[in-house]
Amino acid sequence: MSAPQSTGLNAKAHSIIPYQLLQKISEWSRTTSGQTKLHSESISPHDYSMVSLLAGTTTSPEKNFGEYIPPIEPEVLAAKRASERKAITAIVNSVFSVFGAGFAAWWGADRTGWKDEYKVLFGLAVGTIVAISEGALFLIWSSRAAATPKTKHYTGRHKKALDEPPEMEDETVVLKASVQGEDDTPIRKRRQ
């Protein structure tokens with residue numbers, strides 16, 4: 001009889017190890033059961049950290065790096081928050097305008113002596129007209145807010161090297177100096 005063979009030993013070796021597998025191994029090595037098992041075999045659990053497991057590997061052989069999205073600057077974040085506050089204020093203002101105009105129309109119709117059903121219909125009609133106009137104004141406002149430039153996204157191939165000096169144009173500025181009693185003479189000075 002032959003000894004049973006393990007399928008893991010006969011399996012074809014892969015040159016690509018999935019990241020999820022490495023992550024699970026690294027997480028296991030940080031558990032108490034994993035640490036005790038590794039210590040019993042005289043193996044350091046630090047040898048199975050993600051840094052150690054990925055050392056010397058190529059993580060993206062296709063060179064398909066993801067798009068670089070720079071972090072949002074505090075000024076841009078503050079501007080977004082201010083824009084959100086303005087949008088909420090505009091919506092609350094619109095709601096109050098719709099109900100206020102509808103109530104004012106109903107109250108005005110009540111003072112004229114109309115029947116109750118006409119007062120309600122008139123108030124609803126005025127409220128609907130104001131709601132449509134407020135909705136149109138909000139759409140115009142939000143489309144203008146959306147037309148402002150967004151943050152730029154850079155890919156690794158298009159970034160300039162940080163060590164390069166900024167490009168300088170060779171421009172000269174003609175200045176005229178007037179001295180007492182002398183004619184105006186042009187003086188050339190290089191722009192810096």
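**Salt bridges and helix packing**

Reader: Which residue forms a salt bridge with Asp 110, with the closest N and O atoms 3.8 Å apart?
Author: In this predicted model, Asp 110 is partly exposed because its relative accessibility is 28%. The partner is exposed, with a relative accessible area of 56%. With 3.8 Å between the closest N and O atoms, the salt-bridge partner of Asp 110 is Arg 111.

Reader: And Lys 119: buried or exposed?
Author: Lys 119 meets Asp 110 in a salt bridge, at 2.8 Å from N to O. The side chain of Asp 116 also meets Lys 119, again with 2.8 Å from N to O. The cut-off for buried is under 20% relative accessible area. Lys 119 has 6%, so it counts as buried.

Reader: About how many helical turns separate Lys 119 and Asp 116 in α6?
Author: An α-helix has 3.6 residues a turn, so residues three or four places apart point the same way. Lys 119 and Asp 116 are three residues apart in helix α6, so the separation is about one helical turn.

Reader: How many salt bridges does the count come to?
Author: Side chains of opposite charge can pair when their charged atoms come close. Here Asp 110, Arg 111, Asp 116 and Lys 119 are linked in a network. The salt-bridge count comes to three.

Reader: Let's move along to the nonpolar surface patch: which helix gives the most to it?
Author: The patch covers about 520 Å² and is made by Phe 103, Trp 106, Trp 107, Val 120 and Leu 124. Two helices, α5 (74-112) and α6 (116-146), each supply at least two of its residues. With three residues, the top contributor is α5.

Reader: Where is Val 120 found?
Author: Val 120 is one of the patch residues. It counts as partly exposed because its relative accessibility is 43%. As for its place in the chain, look in helix α6.

Reader: What do the buried residues of α5 pack against?
Author: Start with the helix itself: α5 has 39 residues and runs 56 Å from first C-alpha to last, close to the expected 57 Å. Its buried residues are Ala 87, Ser 94, Val 98, Gly 102, Ala 105 and Ala 109. What these residues pack against is α6.

Reader: Which residue follows α5, with a positive phi?
Author: α5 spans residues 74-112. Just after it comes a residue whose phi is positive, near 90°, and that is Gly 113.

Reader: Why do the buried residues of α2 count as being on the same side?
Author: The buried residues in question are Leu 22, Ser 26 and Ser 29. Around the axis of α2 they cover only a narrow arc, so they share one side, and that arc is 60°.

Reader: Which exposed residues does the face turned away from the buried side of α2 carry?
Author: On the buried side, the cover includes α3 (32-40) and α4 (50-54). The face turned away from that side carries the exposed Gln 20 and Lys 24.

Reader: How far apart in space are Glu 27 and Met 50, C-alpha to C-alpha?
Author: Glu 27 sits in helix α2 (residues 19-30). It is partly exposed because its relative accessible area is 40%. In sequence Glu 27 and Met 50 are 23 residues apart, while in space their C-alpha atoms are separated by 8.8 Å.

Reader: Zooming out, what pattern does the protein follow along the sequence?
Author: The protein has six helices and two strands. Buried residues make up 9% of its 192 residues. Read along the sequence, the pattern is α-α-α-α-α-α-β-β.

Conventions:
Residues are numbered from 1 along each chain as its sequence is written. This is a predicted model: local features need pLDDT of at least 70, side-chain atom pairs count only at pLDDT 80 or more; totals for chains, interfaces and linings use all residues. Side-chain values use heavy atoms; hydrogens and water are left out. Patches are made of residues with over 30% relative accessible area and no salt bridge: like charges are joined within 9 Å, nonpolar side chains (Val, Leu, Ile, Met, Phe, Trp, Tyr) within 5 Å. Accessible areas come from the Shrake-Rupley method with a 1.4 Å probe; for residues, only the protein chains shown count as cover. A salt bridge is a side-chain nitrogen of Lys or Arg within 4 Å of a carboxyl oxygen of Asp or Glu. Helices (H or I, at least four residues) and strands (E, at least two) are DSSP runs, numbered from the N terminus. Buried means under 20% relative accessible area, exposed over 50%, partly exposed in between (1.4 Å probe, protein chains only). The arc is that of the directions from the helix axis to the C-beta atoms. Contact means heavy atoms within 4.5 Å. The expected span of a helix is 1.5 Å times one less than its number of residues.
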